[in-house]
Amino acid sequence: PSDAGRPIQHVVSRLVGYDRFGPDAQEVLDTLIPKKMEVQTREGAWYSMRLQPYRTLENSIEGVVIAFFDITESVRTREALVKAHQQSRLAVVVRDSHDAITVRDLDGRILAWNPAAVRIFGWSEAEALQMNVSALVPPERADQELQQLRQLTQAHSLEPYRTQRLTRSGALVTISMIAHTLRDSAGQPYAIATTERLSGKAP
């Protein structure tokens, strides 16, 4: 009751990315067609917001009724399903890729190793997940790898480049590599993902 008489903008100003209350309310008044949309508060809650004409018992229009229905759990469930679907699709792409796709933390510990990496480098997934990526780097290229790691922590990705790797049998193979930095919600790097393809040319 204490909010009676307050401008409605004081309420909708708490909504994230929504600043069309005035135009939307006027459109409802002009067309008498209700509007419905999903909005989010600064606190992270989600609502289904409905605007419809306020019709009196005398059948006259005297304003707009705004109703908020809490749909926070529904939105979170939907987002979780979308994320799970995306991860499932990504897992299929990684599994079926002809390129070696790997993920390692910033200390070089291998976190992911797809079937193509097994085929190209020889180590099984179980073996690779116990290894450091330094085991694949020829000693003479250690300094170059360290320099590229430093560049990656400052950028999101590196242009494709050729380098060399050691296989389980000790053979030296030339690969074309694309590297991307994985960052957390705060923008801090926590891992590096690489896509590696056998190359016929020496770097």
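Begin by selecting Thr-163, which stands opposite Ile-175 in β7. The model on your screen is a predicted one, and each stop below is a place to select within it.

**The hairpins**

Extend the selection from Thr-163 to Gln-164, and across from Gln-164 you will find Thr-174, also in β7. If you now show the whole of β6 (157–166) and β7 (172–183), you can follow the eight bridges that join these two strands, which run antiparallel. The two strands form a hairpin with five residues between them, and in its turn Gly-170 has a positive phi of about 95°.

Next, keep β7 in view and add strand β8, residues 189–198, which runs antiparallel to β7 and is joined to it by nine bridges. To see one of these pairings, select Leu-182, whose bridge partner in β8 is Ala-191. The hairpin of β7 and β8 also has five residues between its strands, and there Gly-187 takes a positive phi near 85°.

**The largest nonpolar core**

Which residues touch the most other members of the largest nonpolar core? Select Ile-110, Trp-113, Phe-121, Trp-123 and Leu-136, which hold that place among the 19 residues of the core. At least two residues of this core come from each of β5 (110–113), α4 (115–121), β6 and β7, and the largest share, four residues, is supplied by β7. In soluble globular proteins, nonpolar side chains tend to be buried together.

Now centre the view on Phe-121 and show its surroundings, leaving out residues up to four places away in sequence: Phe-121 touches Ala-100, Trp-113, Leu-136, Arg-165, Leu-166, Thr-167, Arg-168, Val-173, Ile-175 and Glu-196. Apart from the largest core lies another, of nine residues, and you can find it by selecting Leu-15, Ala-25, Val-28 and Val-39, which are among its members.

**Trp-123**

Return to Trp-123, which is found in the loop between α4 and α5 (125–128). Is this tryptophan buried or exposed? Trp-123 counts as buried because its relative accessibility is 13%, and the cut-off for buried is under 20%. With its neighbours within four places in sequence left aside, Trp-123 is in contact with Trp-113, Val-118, Ala-128, Met-131, Ala-135, Leu-136, Leu-166, Thr-167 and Arg-168. For a sense of scale, draw a distance from the C-alpha of Trp-123 to the C-alpha of Gly-44: the two residues are 79 apart in sequence and 45 Å apart in space.

**The largest pocket**

Move on to the largest pocket, which has a volume of about 220 Å³. To find its centre, select Val-133, Ser-134, Val-137, Glu-145 and Leu-146, the closest to that point of the 15 residues that line the pocket. Helix α6, residues 142–154, gives the largest share of the lining, four residues. If you colour the lining of the largest pocket by class, you will see eight nonpolar, three polar and four charged residues.

**The two cavities**

How many cavities of 30 Å³ or more does a search of the whole structure find? The search finds two. Rolling a probe the size of a water molecule over the atoms shows where empty space is left.

For the largest cavity, which holds about 50 Å³ of space, select its lining of Thr-102, Arg-104, Ile-110, Trp-113, Val-133, Leu-136, Thr-194 and Glu-196. At least two of these lining residues are supplied by each of β4 (100–105), β5 and β8, and by class the lining divides into four nonpolar, two polar and two charged residues.

The second largest cavity has a volume of about 30 Å³, and you can outline it by selecting Arg-104, Glu-145, Gln-148, Leu-149, Leu-152, Tyr-161, Ala-179 and Ile-192. The largest share of this second lining, four residues, comes from α6, and the lining holds five nonpolar, one polar and two charged residues.

**Last stop: Leu-32**

Finally, select Leu-32, which lies in the loop between α2 (21–31) and β1 (35–40). Although Leu-32 is not a glycine, it has a positive phi of about 60°. Most residues other than glycine have a negative phi. Leu-32 counts as partly exposed because its relative accessibility is 38%, and partly exposed covers the range between the 20% and 50% cut-offs.

Methods. Residues are numbered from 1 along each chain as its sequence is written. This is a predicted model: local features need pLDDT of at least 70, side-chain atom pairs count only at pLDDT 80 or more; totals for chains, interfaces and linings use all residues. Side-chain values use heavy atoms; hydrogens and water are left out. A nonpolar core is a set of buried Ala, Val, Leu, Ile, Met, Phe, Trp, Tyr and Cys residues joined through side-chain atoms within 4.5 Å. Buried means under 20% relative accessible area, exposed over 50%, partly exposed in between (1.4 Å probe, protein chains only). Contact means heavy atoms within 4.5 Å. On a 1 Å grid over the protein atoms alone, a cavity is a set of points where a 1.4 Å probe fits but cannot get out, and a pocket is an open set with protein on both sides within 12 Å along at least five of seven lines; lining residues have an atom within 4 Å of a point. Grid points are joined across faces, edges and corners, and a volume is the space filled by probe spheres set on the points. Ala, Val, Leu, Ile, Met, Phe, Trp, Tyr, Cys and Pro count as nonpolar, Asp, Glu, Lys and Arg as charged, and the others, Gly among them, as polar. Two strands pair if DSSP finds at least two bridges between them.
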